[in-house]
Amino acid sequence: MFDKATPRLESQTPDSVRVESRAFLLSAVQCPGGNERVAEASAVFASFVDTVERLERILELETELLGQHQSIALTEFNHKKSQGLLELSRTMAAMRGLDLAALGFDAKTRLGDLRLKLQKNLRVLQMHMSASAAVATIIARAIQEHESDGTYTAELGAHGKTR
């Protein structure tokens, strides 16, 4: 399905995560005799952070490869982004009943960062779609001109109007 020149998503995606946020969250979860509500909120927020970071890595990689004009499997990236957004919506639903702000967890900042990366990715994708549409128009016009003998083509008069 892929040739060797086409970068694979799995081989390009690093597994590194922000250690400091993970360590803080895991310490709250693993605290013996700790509050169950705090442990639950910490686990849910850790899942949220992991999901956001995974989505950010996918977006960054796709944007970078498109910016380098490399051949990539857009369907694979689309699938990974869709899965990530589904997982994000599930973690967001799990966070609704928890008072994360009282525990010092800031989901809005993480979502704001994700939004910026989504907007950058959208701009690059739109630029590539526009370029593809322009190339398709040129090819269609060339095919039409090649196949036409001019019999049914409207002639332009002196003022640029058809006769």
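Visitor: Does threonine 51 count as buried or exposed, and what is the relative accessibility behind that?
Guide: Welcome! This is a predicted model, and threonine 51 is a good place to start. The cut-off for buried is under 20% relative accessible area. Threonine 51 falls under that cut-off, so it counts as buried, at a relative accessibility of 1%.

Visitor: Which helix holds threonine 51?
Guide: The helix in question covers residues 36–67. Position 51 falls in that stretch, so the place of threonine 51 is helix α3.

Visitor: Which residues does threonine 51 touch, leaving out those up to four places away in sequence?
Guide: With those sequence neighbours set aside, there is still a list of partners to name. Threonine 51 touches Gly84, Glu87, Leu88 and Thr91.

Visitor: How many helices and strands does the protein chain have?
Guide: Reading along the sequence gives the pattern α-α-α-α-α. The count for the protein chain is therefore five helices and zero strands.

Visitor: What share of the protein chain counts as buried?
Guide: The protein chain has 163 residues. A residue is counted as buried when its relative accessible area is under 20%. The share that counts as buried is 26%.

Visitor: How are the rings of phenylalanine 45 and phenylalanine 48 arranged?
Guide: A search of the whole structure finds two aromatic pairs. In this one, the ring centres of phenylalanine 45 and phenylalanine 48 are 5.5 Å apart and the planes stand at 35 degrees. Planes under 30 degrees apart would count as stacked and over 60 as edge-to-face. The angle of 35 degrees fits neither range, so the pair of phenylalanine 45 and phenylalanine 48 is tilted.

Visitor: Where do phenylalanine 45 and phenylalanine 48 lie, and are they buried or exposed?
Guide: Both lie in helix α3, three residues apart, which is about one turn of the helix. Phenylalanine 45 has a relative accessible area of 7%, and phenylalanine 48 has a relative accessibility of 0%. With a cut-off of under 20%, phenylalanine 45 is buried, and phenylalanine 48 also counts as buried.

Visitor: How are the rings of phenylalanine 45 and phenylalanine 105 arranged?
Guide: Their centres are 4.7 Å apart and their planes are at 10 degrees. Because planes under 30 degrees apart count that way, the pair of phenylalanine 45 and phenylalanine 105 is stacked.

Visitor: Which parts does the pair of phenylalanine 45 and phenylalanine 105 tie together?
Guide: Phenylalanine 105 is buried, with a relative accessible area of 8%. Along with Phe45 and Phe48, Phe105 forms one aromatic cluster. The two partners are 60 residues apart in sequence, so their pair ties together helix α3 and the loop between α4 and α5.

Visitor: Which element gives the most to the largest nonpolar core?
Guide: In soluble globular proteins, nonpolar side chains tend to be buried together. The largest nonpolar core here has 15 residues, and Phe45, Phe48 and Leu88 are among those with the most contacts inside it. The elements that give two or more residues to this core are α3, α4 and α5. With eight residues, the element that gives the most is α3.

Visitor: What is the volume of the second largest pocket, and which elements give two or more residues to its lining?
Guide: Its volume is about 160 Å³. The lining includes Glu62, Phe77 and His128, and its residues divide into five nonpolar, three polar and two charged. The elements that give two or more residues to this lining are α3, α4 (74–95) and α5 (107–147).

Visitor: Is histidine 69 buried or exposed, and how far is it from histidine 128 in space?
Guide: Histidine 69 is found in the loop between α3 and α4. At 64% relative accessibility, histidine 69 is over the 50% cut-off, so it counts as exposed. Histidine 69 and histidine 128 are 59 residues apart in sequence, and their C-alpha to C-alpha distance in space is 9.4 Å.

Terms used. Residues numbered from 1 in each chain as written. Predicted model: local features only at pLDDT ≥ 70, side-chain atom pairs only at ≥ 80, totals over all residues. Heavy atoms only, no water. Helix = DSSP H or I, 4+ residues; strand = E, 2+ residues; numbered from the N terminus. Buried < 20%, exposed > 50% of the residue type's maximum accessible area, 1.4 Å probe, protein only. Contact = heavy atoms within 4.5 Å. 1 Å grid on protein atoms, 1.4 Å probe; cavity = no way out; pocket = protein on both sides within 12 Å on 5 of 7 lines; lining within 4 Å. Points joined across faces, edges and corners; volume = space filled by probe spheres on them. Nonpolar A, V, L, I, M, F, W, Y, C, P; charged D, E, K, R; others polar. Phe/Tyr/Trp six-rings, centres within 6.5 Å; stacked < 30°, edge-to-face > 60°. Core = buried A, V, L, I, M, F, W, Y, C linked by side-chain atoms within 4.5 Å.
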